[in-house]
Amino acid sequence: MDAAGLRSCIQGTLSPDANIRQQAETELKAAEETPGFLDALLNILGAEQDNGVRLSTVVYLKNRVNKGWVKAEDTQPANSITEQEKATVRARLVPTIATAQPNTRAQLVVALQKILHCDFPKHWPDFVDVTVKLLHAQDVQSVFAGLQCLLAICRTYRFKLGDSRGDFDQIVATTFPQLLNIGNSLAEETSIEAGEMLRTVLKAYKHAIYFELPLQLRAHEAMVNWCTLFLRVVAKDPPACSMLEDLDERELNHWWKCKKWAYVNLNRLFVRYGNPASLQKGNGEDYTEVAKSFISTFAPEILKGYLVQIEKWVQKQAWLSKPCLSYTLTFMDECVKPKQMWDHLRPHMPILIRHLVFPVLCQSDEDLEQFDDEPAEYLHRKLNFYEEVSAPDVAATNFLVTLTKARRKQTFEILTFINEIVNRYEAAPDDQKNPREKEGALRMIGTLANVILGKKSPIADQVEYFFVRHIFPEFRSPHGFLRARACDTLEKFESLDFKDPNNLTIIYRNILESMADEALPVRVEAALALQPLIRHDPIRQMMQQNIPQIMQQLLKLANEVDVDALANVMEDFVEVFATELTPFAVALTEQLRDTYVRIVKELIDRNELRETDEGYGDFLDDKSITALGVLQTIGTLILTLESTPDVLAHLETILMPVITITLEHKLYDLYNEIFEIIDSCTFAAKTISPTMWQAFELIHQTFKTGAELYLEDMLPALENFVNYGYGALLQNPAYLECMVDMVRTIFKDEKVGGVDRICGCKLAEILMLNLRGGIDERVPEFIQLAMGILTNDELKVKSYRIHLMEMVINAVYYNPRLSLTVLEANGWTHKFFSLWFSSIDSFTRVHDKKLSIGAITALLTLRGDEVPHSVQQGWPRLLQGIVRLFQTLPAAMKNREEAQREEDFGLGGDYDEDEEDEGEWEHEDWEQEEEAETTDVKDESTAYLDFLSQQAAKFNSAVGEDEADDELEEESLLETPLDQMEPYGLFKAALHSLSQQDPALYAQLTATLGPEEQQIIKAAIENADKVAAQQAALQEQQANGGDTSGVQQQQQQPHTNGAS
């Protein structure tokens, strides 16, 4: 390809003239797939002087490699790069990196990483030799290129485990001794170029040890040499070129990045390989010996090195970046539990709490500026602060929690310090008060709330006095950040039981006033503090008077700032104050709709910028979570209005824009909640309005345009459309076709699995149960779909097999003659009946048993000459099957009652939040604390990881085995027409009819029954009489207006003699 012509095209893409730009981009697009394109781009890079053209060229090269370079053994897309061109690029890329400018080199390294991922080592076997040669070169450019190549290799192996690690161990043994020499040499330098090279050395080590510690690096001498280098970098006086005026830019400087990666590597060595207490069992390599050596030899020296830097920072002799402070605190956090390290750390604790942890938790100038100028950003930083991994205050918070949980005595030391701060603030004249110190002290005590209020805590009863004296006054503070902290502290101590009811009144009044504060962060923190106050009866009663105003304020806040926690508050209020909010339900829903549509429009606008906006992911996530919360609030509101159908009908119309915008714009993250809203509307109304039929059309369109995998989320709503809209389905063939089409599609689509197909089975089942006699022409297709899989596939998942069988059983129940005709025509009859009756004990739910009883009684209505020849011999097994079903039905009904009872009492798997703190302060002897202070503390997180590893191992060993325990569980909310079916009466009527119409067949069937089976048949017929008598009594009582609950209860308790 002509490099000059290509260069002129690239130059054209930079033209200010839109027409020239468009023409150039079109030509480049066509040139991309022409052989020699990448070679020509490398030619341009080698000679180009214009920085703009050079940068555009390298971006085109990187993008072409990313899109067109695939593994040789993978399926090659139409526009993939040819093997011949790949060989040329591999030969030229590293020399080009060696001579490239810094901004060009960064793009080339991304391309190199992609190529290594696809080709190394199999198709680029000499790459390590090339790298070694560069590392030993005499010129700086070549050495730096070698460092970039080695870093790319380490990145390629970062997540690899097992056999491929053997290759990597060999690479490390070959390259890392020279890498160490280069690192030691660079640590003496001060230029910015040396800083960038050293940063690359440290990152290569970081990737090399990320999941496994290579053999060569475990040796004592290698550990000494590398840790010495890292500690030298930690202790190195920052060169003048790194001390930029702007602190954000300073942190990005190569020398400060070197310090960051030195801390990261030392921490990683200790946390993953050097602490015997936190080693995970069954995690591949055994690092026990490495850990014993590290914790006794290296970890104390690392701590010493860190403390020297902290001392300089405290004395204002040195500046430390946020990552340096954060990783120091993280290392100390890891030193709390093992006795060996706690002995080293403990003497320094008073100074560290006072001069490191506390200052880091106090508001910085940057925080206060953000509080005033960017309140929304301030809130995101403070409320989602766990997302900021390298933030020092996050590390300090974690450190405090670990410290006070593992070393109880330290809790008193910290509380003494907090009291000192708040008392000093209280005593100082107004012009000498330090509000930042007070705010930091409240943040500290809020962090310790769970420990202070733990069971058997000796200090829990003193907290109320602390609140009255030191927190209540700050609701009136002239400093907004202190008012916000007062609200936050109240929220942190949500489980505190106030003894003086007057204090609750004061709190409620202050929080309400704070919700109208001039500062946005105060208003939001007040709203979040209001949520846990609902549990206090006096406050809940006071809230009832103000609930419409509170909801208005919450909605106003939700439109000012996207904080997902606000939606949780609204959802709680809608649930707790349903009665008070019913008169405002329509207005509330309109406001929730408007809030949701606003957020989603911002989401969609942002979506369109996806290609160019690197921060898209975080933004989407934040917005999506907030939108999700609004949807959940709407869903909760609908469920509270079940008894007001007229209001519900109004809400359906209001909510159509919410449903439409989400489904039309394919906002998959929000689908589940949208389908739940449609489910709630249709279930609560028990009828399908024209508005909801519009929603149904949207669901079908959504399903057909790539949302097949969401059928499980759609299913409850679809079941409602059939259960409550069956009349419209029969009158409107287009709607019915949509339903059947979804069943058909899910069975034909190759990318869906068994779970999704189960949803197809359930949808077919609900159609056959509700539209009996109305869909004869559809039933053959359902049978064919199910039997096609049952006869051809070896089904590992038992529940899938049962649902497929039940699809056919439903067809038999729907119309036995039609179903047998289809089965016979395809030669499936014998196969199906064998499967059904050999699995009779697998039908465990009441629903399954009733369905099989219904299908068998339907078959009993057939005359002898209608029974297919292929199953005539086994036909007597029909009665034996139904005997087994009646025998086990009472136990299944009892199970279902228990499942419903658990659901009613909220025992359906809800997590008890109080359990976590059980026994936190138990068996603590505060007089004899010294012994506990000087022992190892069990690392709970490691125990949990070990448990997960064991579970994963069990799961992996079970994969591929038949899922013997894959039982169908009772679904307490499952509603179908089978609920109304009375199996005993149905069976009695069928048996009686058979005895009258075909006595010979009746005699043949009953002759095979043993005495016990005959007894069960007799008991079933007696039950039918009993239930009929109860129903007659019930109708009589209803006619007379009496209490019918006793009769209903009796009706639900059938008995069968001989039940086992």
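Here are some worked exercises on a predicted model of a protein chain.

**Exercise 1: the whole chain**

Work out the secondary structure content of the protein chain, then look at burial and contact range.

Solution. Start with the elements: the chain has 52 helices and zero strands. Next, take burial, where 51% of the 1060 residues come out as buried. Finally, take the contacts with a separation of 6 or more: 75% of them link residues 24 or more positions apart.

**Exercise 2: a buried charge**

Find Arg-250 and decide what its side chain pairs with.

Solution. Step one is location: Arg-250 sits in helix 13, which covers residues 247-252. Step two is the charge check. Arg-250 is buried, and the nearest side chain of opposite charge belongs to Glu-245, 5.9 Å away. A salt bridge needs the side-chain nitrogen within 4 Å of a carboxyl oxygen, so Arg-250 has no salt bridge. Step three is to look at the backbone instead: the Arg-250 side chain reaches the backbone oxygen of Leu-244 at 2.9 Å. To round off the surroundings, skip neighbours within four places in sequence; Arg-250 then contacts Ser-242, Met-243, Leu-244, Glu-245, Trp-256 and Trp-319.

**Exercise 3: two buried residues**

Is Thr-976 buried or exposed, and is Cys-9 buried or exposed?

Solution. Take Thr-976 first. Its spot is in the loop between helix 48 (940-958) and helix 49 (983-997). Thr-976 has 7% relative accessibility, and the buried class is anything under 20%, so Thr-976 counts as buried. Beyond neighbours within four places in sequence, Thr-976 contacts Ile-766, Leu-769 and His-847. Glu-719 is 257 residues away from Thr-976 in sequence, yet their C-alpha atoms are 8.9 Å apart.

Now for Cys-9, which belongs to helix 1 (residues 3-13). Its relative accessibility is 11%, so Cys-9 counts as buried too. Leaving out residues up to four places away in sequence, Cys-9 touches Ala-24, Glu-27 and Leu-28. From Cys-9 to Ala-31 there are 22 residues along the chain and 9.8 Å between C-alpha atoms.

**Exercise 4: a helix pair**

Describe how helix 27 and helix 28 pack.

Solution. Begin with the geometry: helix 27 (residues 501-514) and helix 28 (residues 520-533) have axes 8 Å apart and an angle of about 145 degrees. The handedness comes next, and this crossing is left-handed. Then list who does the touching: helix 27 brings Ile-507, Tyr-508, Ile-511 and Ser-514, while helix 28 brings Val-522, Arg-523, Ala-526, Ala-529, Leu-530 and Leu-533.

**Exercise 5: backbone oddities**

Which residues does a cis peptide bond join, and where do Lys-316 and Lys-456 sit?

Solution. Keep the background in mind: most residues other than glycine have a negative phi, and most peptide bonds are trans. Check omega first. At Phe-120 and Pro-121 omega is about 0 degrees, and the bond joining them is cis. Pro-121 is in the loop between helix 6 (102-119) and helix 7 (127-135).

Then check phi. Lys-316 is not a glycine, but its phi is positive, about 60 degrees. Lys-316 falls in the loop between helix 15 (288-314) and helix 16 (322-335), and is exposed with a relative accessible area of 73%. For Lys-456, phi is again positive at about 60 degrees. Lys-456 is in the loop between helix 24 (449-452) and helix 25 (463-471). With a relative accessible area of 63%, Lys-456 is exposed.

Conventions:
Residues are numbered from 1 along each chain as its sequence is written. This is a predicted model: local features need pLDDT of at least 70, side-chain atom pairs count only at pLDDT 80 or more; totals for chains, interfaces and linings use all residues. Side-chain values use heavy atoms; hydrogens and water are left out. Helices (H or I, at least four residues) and strands (E, at least two) are DSSP runs, numbered from the N terminus. Buried means under 20% relative accessible area, exposed over 50%, partly exposed in between (1.4 Å probe, protein chains only). Lys and Arg count as positive and Asp and Glu as negative; His and the chain ends are not counted. A polar contact is a pair of N or O atoms within 3.5 Å; within protein, one must be able to donate a hydrogen and the other to accept it, and residues adjacent in sequence count only if both atoms are side-chain atoms. Contact means heavy atoms within 4.5 Å. Axes are lines fitted to C-alpha atoms, for helices over the stretch in contact, and angles run from 0 to 180 degrees between N-to-C directions. A crossing is left-handed if the near helix is turned anticlockwise from the far one by less than a right angle, and right-handed if clockwise.
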